[in-house]
Amino acid sequence: MSEVYFTSLRTRVGESLLDKMERLVRRAGIDKIDFKNKYVAIKMHFGELGNLAYIKPPYVARMVKIIKELGGKPFLTDCNTLYVGGRKNAIDHIESAYQNGFNPYNTGAHVIIADGLKGLDEVLVPVPDGKYVKEAKIGRALMDADIVISMTHFKGHEAAGFGGVIKNLGMGGGSRAGKMEQHSAGKPFVQQEICVGCHKCEQYCAHDAVHVTNGKSFITEEKCVGCGRCVGVCPVDAISPKWDEANTVLSEKMAEYTAAIVRNRPRFHISFIMDVSPYCDCHGENDLPIVPDVGMMASYDLVALDQACVDKVNAQPPMPGSMLDEKEEKSWDHFHDISPDTDWEAALKRAEEMGVGSRSYEIVEVK
């Protein structure tokens, strides 16, 4: 069994939750990693502007402090999004991160958007045992790092069931083309009523699949490889993925992308079971948490950590007045009750099959 370390949110006079977080990660063995002069990617979600459920910056600042004390060179990172919002390109993404408090003055670390200005800076990572993914497209800065630390806000998710470490790393670490591959079984399409015929998509397409005719862009699906370049460069957000992948397949693809990121390199994971909103932090809002705050958990085993977080949440009563509380029929599975079409177990099963971790765990409580 893998060890998953847990601490509650109870404190005593003279001790802060930041102190408890530090004791948690040190007990979980973060000191065993050789950080000396190593580049350390702290993979996290900066939160869409308007959302207030993301991890609070002081927790990130304490993690940065710990890593620096151990000799590492930490930076905060995430990849650009596919959808329209405040994190679609690196300039807007960094601005959103700064507005939400993730700036060098608050955290002690710089923000580097892993897949570059337009989401095109990627590394192709072989996945020899992939069922769906044979070559994962990962943000370059994430793969250039020597060590990966994930800091995850554990929550619900409308497509994956829950957002844990696998979602944070697998989907979050994919470049724009990587996100396209995970979310879509097809190719992007052009919303003709929005297109202004600027030719940028045509200029950036490396496969001669995009052409502007009569002032509107068209994509030839037979030539398109689904790289997502056109999505990233469109100045009016007229090009979108089809979002047509089945949720079970999406979850398994996320596991395969996660395997590509973490294999053969040091890594460590901490998850915050607080403000467990029903949907992702990619939303520009957050609903009432579906359960009361639980605590913080840390482990070297990301699969065990995700499973333990699921179990902790499912053991909680619904928060009065929440979306979960309002469901007329409830089961033992809070995430399925919120998003019935999801299959969150698929990601854990696939990750375990690939040897990324184990769903069997034991809890080690840190007072």
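Start by selecting D325, which is partly exposed, with a relative accessible area of 33%. In this predicted model, D325 sits in the loop between helix 11 (302-314) and helix 12 (334-338). Add E285, D287 and E326 to the selection, and together with D325 they gather in a patch of negative charge on the surface. Membership in such a patch requires over 30% relative accessible area and no salt bridge, and D325, at 33%, is above that area cut-off.

From this surface patch, turn to the paired charges. Side chains of opposite charge can pair when their charged atoms come close. The structure holds 23 salt bridges, and the next stops take in some of them.

Select D78 and K43, whose closest N and O atoms are 2.9 Å apart in a salt bridge. This pair links distant parts of the chain, since D78 lies in strand 3 (residues 73-78) and K43 in strand 2 (residues 39-43), with their positions 35 residues apart in the numbering. Both D78 and K43 are buried.

Next, select R87 and E48, where a salt bridge brings the closest N and O atoms to 3.0 Å apart. Here the linked parts of the chain are loops: R87 belongs to the one between strand 3 and helix 3 (90-99), while E48 belongs to the one between strand 2 and helix 2 (57-69), the two residues being 39 residues apart. As for cover, R87 is buried, and E48 is buried too.

Move on to E256 and R350, whose side chains meet in a salt bridge at 2.9 Å, N to O. The two are 94 residues apart, E256 being in helix 10 (residues 247-262) and R350 in helix 13 (residues 345-353), and the pair thus joins distant parts of the chain. Both E256 and R350 are buried.

For a network rather than a single pair, select D19, E22, R26, D31, R62, K65 and E69 together, and follow the salt bridges that link them.

The last stop is helix 7 (residues 176-183), which is mostly covered, eight of its eight residues being buried. Selecting the helix residue by residue shows R176, A177, G178, K179, M180, E181, Q182 and H183, each of them buried. To see what lies over these buried residues, display strand 5 (122-126), strand 6 (135-139), helix 6 (165-171), helix 9 (229-233) and helix 10, which are included in the cover of helix 7. Helix 10 is also where E256 was found at an earlier stop.

Methods:
Residues are numbered from 1 along each chain as its sequence is written. This is a predicted model: local features need pLDDT of at least 70, side-chain atom pairs count only at pLDDT 80 or more; totals for chains, interfaces and linings use all residues. Side-chain values use heavy atoms; hydrogens and water are left out. A salt bridge is a side-chain nitrogen of Lys or Arg within 4 Å of a carboxyl oxygen of Asp or Glu. Helices (H or I, at least four residues) and strands (E, at least two) are DSSP runs, numbered from the N terminus. Buried means under 20% relative accessible area, exposed over 50%, partly exposed in between (1.4 Å probe, protein chains only). Patches are made of residues with over 30% relative accessible area and no salt bridge: like charges are joined within 9 Å, nonpolar side chains (Val, Leu, Ile, Met, Phe, Trp, Tyr) within 5 Å. Accessible areas come from the Shrake-Rupley method with a 1.4 Å probe; for residues, only the protein chains shown count as cover. Lys and Arg count as positive and Asp and Glu as negative; His and the chain ends are not counted. The place of a charge is taken as NZ of Lys, CZ of Arg, CG of Asp or CD of Glu. Contact means heavy atoms within 4.5 Å.
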